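I opened the notebook to record what I looked up in this structure, one topic at a time. The entries are written for someone who is new to reading protein models.

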Amino acid sequence: MDAGLFIALVFPGVALIFSAAFFALWLNQPQRRYLLALSLSCISLGIGFAFQYFVVFNDIISRLISNLALLVGVCGFLSACLVRYGRVKGILPISAAGVAGFAIYLWYLHVDHNITARIFVINFTIATIMLLMALEVRKTPRHHLIDKAVFYLLIFWSATSALRPFIVIVLEEPPLDYQSLRTSLYWMTLVFSALLFMILFPLIQIISIALEIWDDLKQVSVTYSLSGLLNRRGFEEASAHCLEQAQRRGIAMSLVVCDLDHFKSINDTYGHALGDEVIKVFAKCLKDTLQCEHIGGRIGGEEFAVLLEGTNELGAKLFSEGVRTQFSTLSVPGLPDRPKRTASFGVAEWVPGEKPRALFVRADLALYAAKDAGRDCVRVAESRISPLRADRSPVAGQAGY
């Protein structure tokens, strides 16, 4: 098979494979609309590569279709990536650069008929688009190493696109026609760089999107959809890690365990739907009070827990009193304002070296003390409890730490 024909077929083939991959992802994740844009952009890139070799009507029309499809594909692909990165504002300058570059290209295609100028225009346009994309990616919070690699790859392609045309002037004679262009050193570097982009960049995006979907699924697995807080498993994992950090850093930590008062009677009297509304109202009240360094979770039906980093016993008690007071003033849609909804709180300050389970048991014993004291109050745990008392704790067999 002729090398030119092989290249003419491999580029569209690779583009179609990635287009199908993005389309399959979009069918599975229709809320991620940028996946469909990525799929269509790959098709446009495949068309652009194909018309570099296959002539339709005449050479000029083929060049026009090819370069238009390539610019649309590159701009569309990078714009879809910007949507994924949350940098929608960057789409306008990238699109403007693409339109301006194509307009100049048309001048040298139909008016000046300068093939060398067209080479410079297309390469400088691609270099500008890549650089603009790199600047936008740099502003995004990148959670995975592979996302950070995108920035450096964009810089690499921007630099190679800007330098490649000088091969025509420095190392070779400017091509007189497309036939001589396809046998030049410039064309070999273009083919290699384009193939690298067509394989590497979509592949990186697929891996990055897969990691993003995995993170979302993991978040769902440790979060209650009703409350938006961590579930028991998520809370245990996060708080265990936080306590390990506290042990190394020597900072104060406190655990607050809270329980909605008379929640069973709400379900029995008004039904589980309104019981869920009470859960939502309390969870929102709790989340609104949390700071970024705090960990909040719903660890049971109507039981919640908060781990307060850098907070001692007194600070945790004040936090609990604030949540308790605020919740008692809130209305729940569908429920009468009287009697008011209340919650009880148990507070325990972490003792350095204490296991998470022991901390949880002490906080829960304080919660039961608040219940015994008439509910709607805060009680603070003893600094130490005997092993016998811990074994008799109502939560001794429940704490999953």
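The entries below go from the cores to the aromatic rings, then to the sheet and a few single residues.

**Entry 1: the kind of model**

Before anything else, I noted that this is a predicted model.

**Entry 2: the nonpolar cores**

I began with the interior, keeping in mind that in soluble globular proteins nonpolar side chains tend to be buried together. The largest nonpolar core holds 54 residues, and the members that touch the most others are Phe22, Leu38, Leu78, Met133, Leu154 and Phe201. I then listed the elements that give two or more residues to this core, and they are α1 (3–28), α2 (34–50), α3 (59–85), α4 (91–110), α5 (115–138), α6 (145–163) and α9 (185–221). Which element gives the most to this core? It is α9, with eleven residues.

I also looked up the surroundings of phenylalanine 201, leaving aside residues up to four places away in sequence, and found that this residue touches Phe77, Leu78, Cys81, Val150, Leu154, Trp157 and Leu196. There is a second, separate core of 28 residues, and among its members are Ile266, Phe304, Ala343 and Val378.

**Entry 3: the aromatic rings**

Next I turned to ring pairs, where a pair of aromatic rings is described by the distance of the centres and the angle of the planes. The count comes to 15 aromatic pairs. For tryptophan 157 and phenylalanine 197, the ring centres lie 5.0 Å apart and the planes stand at 80°, so I recorded the pair as edge-to-face. This pair links distant parts of the chain, since tryptophan 157 belongs to helix α6 and phenylalanine 197 to helix α9, 40 residues apart. Are these two residues buried or exposed? Tryptophan 157 has 2% relative accessibility and counts as buried, and phenylalanine 197, with a relative accessible area of 8%, is buried as well.

A second pair I looked up is phenylalanine 282 with phenylalanine 327, whose ring centres are 4.9 Å apart with planes at 85°, so this pair is edge-to-face too. Here phenylalanine 282 sits in helix α12 (residues 272–289) and phenylalanine 327 in helix α13 (residues 313–329), so that the pair links parts of the chain 45 residues apart. Phenylalanine 282 is buried at 0% relative accessibility, and phenylalanine 327 is buried with a relative accessible area of 1%.

I closed this entry with a cluster: Phe22, Phe77, Phe156, Trp157, Phe197 and Phe201 form one aromatic cluster.

**Entry 4: the sheet**

I followed the strands next and found an open sheet of five, in the order β2-β3-β1-β4-β5, with mixed pairing. The edges are taken by β2 and β5 (378–380), each of which has a single partner strand, so one side of each is left without a neighbour in the sheet. On average, neighbouring strands of this sheet are turned by 15° against each other, direction ignored.

At one edge, β2 pairs with strand β3 (residues 303–309) in the antiparallel sense over four bridges, and the two form a hairpin with four residues between them. Which residue in β3 is the bridge partner of glycine 296? I found valine 306 there. Both faces of strand β2 (residues 295–298) are covered, with Ile295 and Gly297 buried on one side and Gly296 and Arg298 buried on the other.

At the other edge, strand β4 (residues 343–349) and β5 pair in the parallel sense over three bridges, and phenylalanine 345 stands opposite valine 378 in β5.

I also checked which helices lie across these strands. Helix α10 (residues 232–249) lies across β1 (253–260), β2 and β3, running at about 20° to β3. Helix α12 lies across β1, β2, β3 and β4, running at about 5° to β3.

**Entry 5: two single residues**

Serine 79 lies in helix α3 and, at 10% relative accessibility, counts as buried. Leaving aside residues up to four places away in sequence, I found that serine 79 touches Ile91, Ile94 and Ser95.

Arginine 357 has its place in helix α14 (residues 356–372) and, at 30% relative accessibility, counts as partly exposed. I finally noted that the C-alpha atoms of arginine 357 and alanine 240 are separated by 9.3 Å, although the two residues are 117 residues apart along the chain.

Key
Residues are numbered from 1 along each chain as its sequence is written. This is a predicted model: local features need pLDDT of at least 70, side-chain atom pairs count only at pLDDT 80 or more; totals for chains, interfaces and linings use all residues. Side-chain values use heavy atoms; hydrogens and water are left out. A nonpolar core is a set of buried Ala, Val, Leu, Ile, Met, Phe, Trp, Tyr and Cys residues joined through side-chain atoms within 4.5 Å. Buried means under 20% relative accessible area, exposed over 50%, partly exposed in between (1.4 Å probe, protein chains only). Contact means heavy atoms within 4.5 Å. Rings of Phe, Tyr and Trp (its six-membered ring) pair if their centres lie within 6.5 Å; planes under 30 degrees apart count as stacked, over 60 as edge-to-face and the rest as tilted. Two strands pair if DSSP finds at least two bridges between them. Axes are lines fitted to C-alpha atoms, for helices over the stretch in contact, and angles run from 0 to 180 degrees between N-to-C directions.
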